[in-house]
Every structure is written in C-alpha cells, then in structure tokens.
Amino acid sequence: MKTSSGVVTSLLLRLDPRISTPLHEQIFEGVRLRILRGELAPGWRLPSSRQLATELDVARSTVLQALDALAAEGYIVTRAGASTRVAPELPIAPEDRPRSHAAHKSRGPRLARSARARKAAPVGAPRLGAAPRAFRPGVPALDLFPAALWGRTVMRVHTRASTGLLDGGDPLGHAPLREAIANHVSASRGVRCTAEQVFVTSGTQQAFDEILGLSLDPGDAVWVEDPGYPGVRRAVLAAGGLPVPVPVDADGLDVGAGVARAPRARGAVVAPSHQYPLGATLSLARRMALLKWAERTRSVIIEDDYDSEFRHRGRPLTALQGLDETGCVVYVGTFSKSMFPGLRLGFFVAPPPLVDAFAAARAAFPAPASALEQAALAVFIEEGHFARHLRRMRVAYRERGEALLEALRADCAGALTPRACDTGMQLTASLAAPLSDQRVRDEAARRGVEVAALSDYASGRHREGGLVFGFGCVRPEALREGTRTLARALEAAREFGTIRPMARRP
Ligand SMILES: Cc1ncc(COP(=O)(O)O)c(C=O)c1O
C-alpha cells in the first residue's frame, strides 16, 4: 500500500527519482539498511516483486534487479516457487552493523579532561517542568513584564533598522547598548566604568567562560562559593580549572577559609551583594580582604551581580567593583532577571588593564547576540522604561517575599524556619527536623510544587539541608496553595524518617 507521502508501508522505502542514484540501487540500499538495523527480522517475508513494483511505482525489472543483488550478497533468500525472505543469518557480524544513535556502543573520539569533568559535575536543582510555577528559584515576575511596551520597542527598532544593524553587528556588542549599560551600572550599582569596558554577552555563562578562559591555565584553582550557583562550578571545569569550594556564612564568602584552602588560586567567583542561594551580603571587612588577596596574588575576582537591583527597601548596595583600585574585578551582569531570561542578554565590565585582551579575544567572533535585540534594549533603557520596570519589580518582590514568609509561617510552622530576605526573588528555610531536603523536594514535586534542596547547591562536604524558594514568578493567589501543599510534603517526608545530620568540616 502506498501512502500520500510515497512511503510503501510494507517496506517503508522512499525513492527519489531526482537524484543520480539509479532506482534499483536505491531499493537495494533501502532494504539492506533496514535488514542490517534489524528493522526487517531474519525470516521476514518480503512482498512479491510484482507487489513491490506497484507500490514503488517502478518497473518490475527494476525491483528484480535490486532483489537479485540483495540475494547475491546474502541479505535475502529467494527460492523458485516460494516467497522471498530475509536471510535467517546475516552475511556480516552484528558488531559491524550500522546502529542507531542511542544504541551506539563505540566511545567515539576521546574527550578533553575538562569535558569529562563537566559531564560528572552536578547540574544543581532539577528543572521539573517547562512552565514556571511555585516556587521555582531564579525566575522573575514574567506576569508583570511590560510585554506590549517591549514588543512596540522591538517593532520600532526592526522597522527602522539601518543596514548597519542588519549587517551583523559589533563583536564587542552594540555601541549604544554598551553606552546605556555603562550609564546604568554607574548610576545604580556604583560601578566605575566607561562604555569601552562593557562587553555584551548572551548571559552570565558566556561571561564566565570568557573571563575564565582568559585567566586560567589548565589545573588552576578557583574559589567558588559553597553552597553556590552550579553554573560557576561548571564554567571553572569547562575552562580546565579546579573549583575549590569555599564556605559561605552570614557575612558571605569566608575569605580566610579561601586563603587557607587555596592561597595561590588564580581567581574567585563571588556574588557579594546577594549570595546565591543563601542571600548573604559580603561584609565590608571581607570585601577589603578579598580585594587585598587578589591584588597580592594577581588573581581575578568575578563579581556575579545577578539580581541585586532588587533590593526591596532603600538603595541597592554598591558593587564590589566600585571599591577596586587595582583592576582585578570583572563585574558580570545579566538581563535574565531584570528583563526576562529568554532575552539572552548580559554583559561584563572589564577592568582597564584587561580591556584589550578581551577585545582581542572577541575579534575572531561574530556579534554576541542579535544586533536588533541589543538595539531594542538600548532604546528601552534610554527611554527610561527599564528603570521604571525595576522600580515596579522592587515593590512586587517585596510584597511577594513578605507574603511567602507569612504563608510559610502559617502553614509550615514547626517544620521549617524561613529566613527573611531583603533583596531579590528567593529565600531559604532550614528544616526543623533532620529530614533529607532532597526527599522533601521530591515529595513536593510529586504534589506539583517546585522547591530546590539547599544540598543541590553544595559542592564540598558541607551539605546543610534546607529549602530554596523562588517567589519571583509566583502570583500572590498561588502562594497559599503552594505552602499548604508543601506542608503535606513535609509530613510525608517526616513519615519516611529522619537522617543523621552530615558532619561539618572542621
Ligand atoms: C547566581 C546566578 N547568577 C547568574 C544567573 C543568570 O544566568 P544567565 O544570565 O545565564 O541567565 C543566575 C540565574 O539563575 C543565577 O542564579
């Protein structure tokens, strides 16, 4: 039987009369491959040559030519007066047969050590579903994003696009966007820079990759926050470096512990304004100690300033970069939180001594992102829409954070101790009983609620259990439902039993 797409359902062959390969060879190759892949089993009865000719819409002699060749090579068996069948034993060994991608056993070309290390690295909190829901961390209030206004800005830029914009764009980033970013971070984050120091990226990960790629030699140690953002660890491994977990406490990264563990590390990746996921702020004493260490060892400090624009009350804290007198801090920003993650735009601010090296590394590459989207974002910032959106989000996150805190205290009292937060869109809670936070996470997921386990973010042996709640994407009306469901998940986890707390490292 022949379908409208020309496929013969009995043999599933597709012939193409437009190519130069003769039709009998196409039939031969099609049947041969299906036999080798095991799709036509040994002993399977082929349709008659007449039937095949009709189905394939070719002369019978063409089919007979193909069948003769298949029989000659031992793929099929034809007997006068009997049907034609796939040979009970194939002419080649099973290991030489072509395999589907999934069934491929060969190990392929050898991977670099850094690629193998990356494959083994933890990926952090699992993503449970496509649509954001309570309480997925790291997702902004997409329901409050001024999508229509953004859409009009994009349309305006697209319809008036100059040939320069359509041509591809600058490898360093669209100049007006670099200017707009420099003005914005100087005014709102206390970053000291000019537009020449700003490099546009497709997000934080690209920034990490470029900075570490330029700073590390194979095997170099880099301090990473523990617990911390898993993307940092992955980027260090990808650059061939060695991530050294450094504990975080209420004052942020423990700089003294970093010096004790890896005094000659070539870099440190920190989120000083709002550590992820614990939310700590790096104290002034530690900021100064970190800068002094970097100056003394000529190490690079990568400042991940992913969501500190969202200080719920008062002015956002100023960036570590603003205190840097010797040019060792590379400031990294992203529009994933302040606009929306799908925009895929971010940036880094290189210290003056490194600007030329970064520019040279970029010279061989195309623009880091769509020039049109970059131009639209520049207009959005210049016309004041971005600053207005940030102001509205600060209020929204304050309200959502306070509502979550209240809901957790009401529904999960006794089981959880949530920590109040004054910045961003996530908060953490410790578990009152020694339960496995991963079990609580799984029990919650089974009931449709997404929380992250604090231990998913830990890389050293220090694995304090707890939960991480994102409230950015949670509408207030969905909060209570989420916390009530979580209370049931905590109950179920408790029924499963408690664990002995992990020993802390001395
Ligand atoms: C600590 C931290 N840094 C940076 C980012 C942003 O990454 P990107 O700019 O690649 O979207 C995230 C996102 O969740 C984050 O949690």
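A polar contact is a pair of N or O atoms within 3.5 Å. The exercises below use this cut-off on a predicted model.

**Exercise 1. The ligand site**

Task: list the residues that surround the ligand, sort them by character, and identify polar contacts made by side chains.

Solution.
- Step 1. The residues around the ligand are Gly203, Thr204, Gln205, Tyr229, Tyr276, Asp304, Tyr306, Thr334, Ser336, Lys337 and Arg344.
- Step 2. By character, this shell holds three nonpolar, five polar and three charged residues.
- Step 3. The side chain of Arg344 places an N or O atom 3.0 Å from an oxygen atom of the ligand. Because the cut-off is 3.5 Å, a pair of N or O atoms at this distance counts as a polar contact.
- Step 4. For Asp304, an N or O atom of the side chain is 2.7 Å from a nitrogen atom of the ligand. For Thr204, a polar side-chain atom is 2.8 Å from an oxygen atom of the ligand.
- Step 5. The ligand taken alone exposes 400 Å², and the protein buries 89% of that area.

**Exercise 2. The eight-stranded sheet**

Task: give the strand order of the sheet with eight strands, find its edges, and examine the pairing of β4 with β7.

Solution.
- Step 1. The order is β3-β10-β9-β8-β7-β4-β5-β6, in an open sheet with mixed pairing.
- Step 2. The edges are β3 (198-201) and β6 (252-253); each has a single partner strand, so one side of each lacks a neighbour in the sheet.
- Step 3. Inside this order, β4 (residues 221-226) pairs with β7 (residues 267-270) in the parallel sense, over three bridges. Val224 has Val269 of β7 as its bridge partner.

**Exercise 3. Helices across the sheet**

Task: state which strands α8 and α12 lie across, and at what angles they run.

Solution.
- Step 1. Helix α8 (residues 204-215) lies across β3, β4, β7, β8 (300-304), β9 (329-334) and β10 (346-349). Its direction is at about 180 degrees to β8.
- Step 2. Helix α12 (residues 355-362) lies across β3 and β10, and runs at about 35 degrees to β3.

**Exercise 4. The four-stranded sheet**

Task: repeat the analysis for the sheet with four strands.

Solution.
- Step 1. The order is β11-β12-β14-β13; this sheet is open and its pairing is antiparallel.
- Step 2. β11 (416-418) and β13 (452-453) are the edge strands, each with a single partner, so one side of each is left without a neighbour in the sheet.
- Step 3. β12 (residues 426-431) and β14 (residues 467-470) run antiparallel and are joined by four bridges. Ala429 has Leu467 of β14 as its bridge partner.

**Exercise 5. Backbone geometry in loops**

Task: locate the cis peptide bonds Ala134–Phe135 and Tyr276–Pro277, and the positive phi of Asp57.

Solution.
- Step 1. Ala134 and Phe135 are joined by a cis peptide bond with omega of about 0 degrees. Phe135 belongs to the loop between α4 (113-120) and α5 (147-159).
- Step 2. The cis bond between Tyr276 and Pro277 has omega of about 10 degrees. Pro277 sits in the loop between β7 and α11 (284-297). Tyr276 is also one of the residues that surround the ligand.
- Step 3. Asp57, a residue other than glycine, has a positive phi near 60 degrees. Asp57 lies in the loop between α2 (49-56) and α3 (60-72).

Technical notes: Residues are numbered from 1 along each chain as its sequence is written. This is a predicted model: local features need pLDDT of at least 70, side-chain atom pairs count only at pLDDT 80 or more; totals for chains, interfaces and linings use all residues. Side-chain values use heavy atoms; hydrogens and water are left out. A residue is near a molecule or strand if one of its heavy atoms lies within 4 Å of it. A polar contact is a pair of N or O atoms within 3.5 Å; within protein, one must be able to donate a hydrogen and the other to accept it, and residues adjacent in sequence count only if both atoms are side-chain atoms. Accessible areas come from the Shrake-Rupley method with a 1.4 Å probe; for residues, only the protein chains shown count as cover. Ala, Val, Leu, Ile, Met, Phe, Trp, Tyr, Cys and Pro count as nonpolar, Asp, Glu, Lys and Arg as charged, and the others, Gly among them, as polar. Two strands pair if DSSP finds at least two bridges between them. Helices (H or I, at least four residues) and strands (E, at least two) are DSSP runs, numbered from the N terminus. Contact means heavy atoms within 4.5 Å. Axes are lines fitted to C-alpha atoms, for helices over the stretch in contact, and angles run from 0 to 180 degrees between N-to-C directions.
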